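Visitor: Could you pick one part of this model and walk me through it closely, strand by strand? I would like to know how that part is put together and how far I can trust the prediction there.

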Amino acid sequence: MSVPVRRGRAGVPAEQRLSRWRNPMAELDEIFEQMGTLLESTVGGGLPPTAPGRAWTPPAEVTETDEAYTVELELPGARRDDIDVEVGERELTVSGELKKPERPGALRRSTRRTGRFEFRMALPGEVNADKASARLAGGVLGLTVPKAEATKPRRVEIAGGEQ
């Protein structure tokens, strides 16, 4: 079995060949952050953020019908003013902040998430962003993003011919 060998560029000083590796630790940190985001979205946001100030992802359910994509996010205690919803051509972004409530006395235990949150989702098809709607009730943010006319399935009738 042979192993391919990568040959360096002849005549180019080593400093220029390695110039993109000026800070390999920053690149490793970026890869680690991307893997953490992937794991967090797969597991469902159960992992604590690794760095202060980093946004967490709220639990969500996403469904698809012939007409629209529907997303429900669990945001207990959230107010409409604390949430931003953006719908692009093929991306949905919900961000905001859940603030810690002011309570008298000493807090003995808390498992509720507070702080910055962000939910991003690539939509599988084109959508009609102008007709998207959102509703906040009972700590659940419900979003409906209608599909564009081009992506909706349509039934094609078969014209006459053999039976």
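Guide: Happy to. One definition first: two strands count as paired if DSSP finds at least two bridges between them. Strands themselves are DSSP runs of E with at least two residues, numbered from the N terminus. Please keep in mind that this is a predicted model.

Let's look at the open sheet of four strands, whose order is β1-β2-β7-β6 with antiparallel pairing. At its edges stand β1 (60-64) and β6 (133-137); each has a single partner strand, so one side of each is left without a neighbour in the sheet. From one strand to the next, the twist averages 15°.

Start at the β1 edge. β1 and β2 form a hairpin, with three residues between them. Their antiparallel pairing runs over five bridges, and one residue pair to look for is E64, whose bridge partner in β2 is Y69.

Next comes the pairing of β2 (residues 68-74) with β7, also antiparallel, over seven bridges. Two pairs mark out this contact for you: V71 stands opposite L143 in β7, while E74 stands opposite V140 in β7. If you follow the side chains along the strands, a general point helps: in a regular strand they alternate between the two faces of the sheet.

Now move to the loop between β6 and β7, where you will find G139. Leaving aside residues up to four places away in sequence, G139 touches L73, E74, L75 and P76. G139 and L75 are 64 residues apart in sequence, yet their C-alpha atoms are 5.0 Å apart in space. E74 therefore turns up twice in this corner, as the residue opposite V140 and as one of the contacts of G139.

There is a charged link to visit as well. Side chains of opposite charge can pair when their charged atoms come close. With a cut-off of 4 Å between a side-chain nitrogen of Lys or Arg and a carboxyl oxygen of Asp or Glu, the count comes to five salt bridges. One of them joins K147 and E64, with the closest N and O atoms 2.6 Å apart. K147 lies in the segment after β7 and E64 in strand β1, so the pair ties together parts that are 83 residues apart in sequence. E64 is thus both the bridge partner of Y69 and a member of this salt bridge.

How far can you trust it? The protein chain averages a pLDDT of 79, and 74% of the residues score at least 70. Confidence is highest in strand β7 (residues 140-146), at a mean of 95, and lowest in helix α1 (residues 14-17), at 56. Over residues 45-50 the pLDDT is below 50, and beyond near neighbours in sequence this stretch has ten contacts in the model.

For context, there is also an open sheet of three strands, ordered β3-β4-β5 with antiparallel pairing. Its edge strands are β3 (83-87) and β5 (115-122), each pairing on one side only. Neighbouring strands there are turned by 10° against each other on average, direction ignored. β3 and β4 (residues 91-98) pair over five bridges, and D84 stands opposite S95 in β4.

Key:
Residues numbered from 1 in each chain as written. Predicted model: local features only at pLDDT ≥ 70, side-chain atom pairs only at ≥ 80, totals over all residues. Heavy atoms only, no water. pLDDT = per-residue confidence, 0-100. Contact = heavy atoms within 4.5 Å. Axes fitted to C-alpha atoms, helices over the stretch in contact; angles between N-to-C directions.
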